[in-house]
Amino acid sequence: MASPTGSPQRDSWGSHAGFVLAAIGSAVGLGNMWRFSYVAAEGGGAAFVLLYLGFVAFVGVPVMTSELLVGRLAQVSPIEALKRLGGPRWAPLGMLFAFCGLGILSYYSVIAGWTMRYSFDAIRGALPDDAAGYFARVGTGMPAVLTHVLFMAITITIVVGGIKKGLERTAIVLMPLLFVLLVGLAIWATTLSGGGPGYAYYLRPRLSELLDPAIITDAAGQAFFSLSLGMGALMTYASYLRSKENLVKETLTIAVADFGVAFLAGLFIFPIIFHFDLVETLGLGGELNTDSTVGTLFIAMPAAVRSLGRMGNAVIAAFFIMLFFAALTSAISLLEVVVSAAIDSWHWSRQKAAIVAGATITLLGIPSALNLNVLDVGDKLVGTVLLMVGGFFTSIMVGYKILPQAEQELSLGLDNPMAIKVWRNLVRYLVPPVLLVVLIFSIPKLVTAVKTLFGV
Ligand code: TRP
């Protein structure tokens, strides 16, 4: 059935559960494990987790609801959606979204490539004892370029398949599998001796750290990245929605699942770090260098293999295969933002859009595969600062420019004036100032990353 504004042939989800799983698939990814573990480790563990939860609840949730309702309301990809609803002045925000999609996926795919390499070597039983040395060897240079290209090829293939056949089917199979594996790993970690201090580090906050601006901004950036906010990914997914279900409920489901996965990941990563005495290797508590921050997970996990023999290999293989799946469903959503823009704005075929956008991203990602400092700058600039810029303008547009229309859309499937009122107040009065402050505080980290890249 054609919607009033969408084109009759426009793709749509086959089932509502398919949409929810795909949205969870977008949110749950490398961010929950690779990025969460290193920013949480850097941010003192528990203090970070607490702040992170606060940002998810009070900033992430209202912004996500806003993105979903804009997408469903417009039934078209972000650039056109923002233009139709807000007027031509809002088109640049949609372009920023597409730019972020290109930028994030270019380095995201490099890391996803590592997961492929790790899975492959773990299955062959070829992971060496020296985890840090192994990471240094396969994490950059030609091996990393190769796995990056391979990962992009897989992502492109799925996106060419379209919404129902590609995106939805992939998510329905992979997401449940991921949850099962993850719970298994968290249980396994409880059997490790000496994990106690790991749990303490992760779960017992030190009050002084709760007020540290660096930790606060990290928590905000991580919330945005992990929930796939600030660049129209969920807006795009919601534009393929025909059914008018309660969007606040969907938002909460996605946010709870995403937080749950990150939290579970911490429950096995921190005991492992302490059990295997990796505190020094990873530089926790001291100055961190880029290699170790980026590699926390990729060094900590395989290090666990050493003393566990065959059993360890199986655990590592399971873990990295799962991480690969999680990365894949997220990468799909990043590429889909760019692809849907090309389809709706330039009337390209899905196949052409996926191949041209995918090839561009593959090329853009090569510098990140060759130099981890480039990857780090990308993550700070596009994966943090620009997402907050995107979230800021999204909340301004929804909260001030199209509020009556937005509330009307939100009230479909949601018969709860109180919830709508809370959402309205958060979007108008809390989200914009908070994001602005956090944005300003996140600039120094970007400057540091750029300086490191240029060696000054
Ligand atoms: N949220 C994903 C993760 O945690 C990454 C991701 C997918 C993303 N789509 C996004 C991040 C859009 C920011 C914006 O791995």
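**The ligand and its shell**

The ligand sits in the largest cavity. Keep in mind that this is a predicted model.

Let's start with the neighbours. How many residues surround the ligand? There are 18. The closest are Ala-27, Gly-31, Tyr-108, Phe-225 and Ser-228.

Now sort that shell by class. Ten of its residues are nonpolar and eight are polar. Charged residues are absent from the shell around the ligand.

Which helices supply at least two shell residues each? Going along the chain, they are α1 (16–27), α2 (30–42), α5 (91–123), α11 (213–226) and α15 (309–346).

On to the polar atoms. I have three distances for you. Ser-26 comes in through its backbone: a polar atom there is 3.2 Å from a ligand nitrogen. Asn-32 uses its side chain, with an N or O atom 3.4 Å from an oxygen of the ligand. Ser-333 also offers a side-chain N or O atom, and that one is 3.1 Å from a nitrogen atom of the ligand.

How much of the ligand's exposed area does the protein bury? Taken alone, the ligand exposes 360 Å². The protein buries 100% of that.

Last topic: aromatic rings. Searching the whole structure gives 27 aromatic pairs. Take one of them, Phe-36 with Tyr-52. Their ring centres are 5.6 Å apart. The planes make an angle of 55 degrees, and the pair counts as tilted. Where do the two residues sit? Phe-36 is in helix α2, and Tyr-52 is in helix α3 (residues 46–74). They are 16 residues apart, and the pair links distant parts of the chain. Helix α2 is also one of the helices supplying at least two residues of the ligand shell.

Definitions and conventions:
Residues numbered from 1 in each chain as written. Predicted model: local features only at pLDDT ≥ 70, side-chain atom pairs only at ≥ 80, totals over all residues. Heavy atoms only, no water. Near = heavy atom within 4 Å. Polar contact = N/O pair within 3.5 Å; in protein donor to acceptor, adjacent residues only side chain to side chain. Areas by Shrake-Rupley, 256 points an atom, 1.4 Å probe, with all protein chains shown as cover. 1 Å grid on protein atoms, 1.4 Å probe; cavity = no way out; pocket = protein on both sides within 12 Å on 5 of 7 lines; lining within 4 Å. Sits in = over half its atoms within 2 Å of the grid points. Helix = DSSP H or I, 4+ residues; strand = E, 2+ residues; numbered from the N terminus. Nonpolar A, V, L, I, M, F, W, Y, C, P; charged D, E, K, R; others polar. Phe/Tyr/Trp six-rings, centres within 6.5 Å; stacked < 30°, edge-to-face > 60°.
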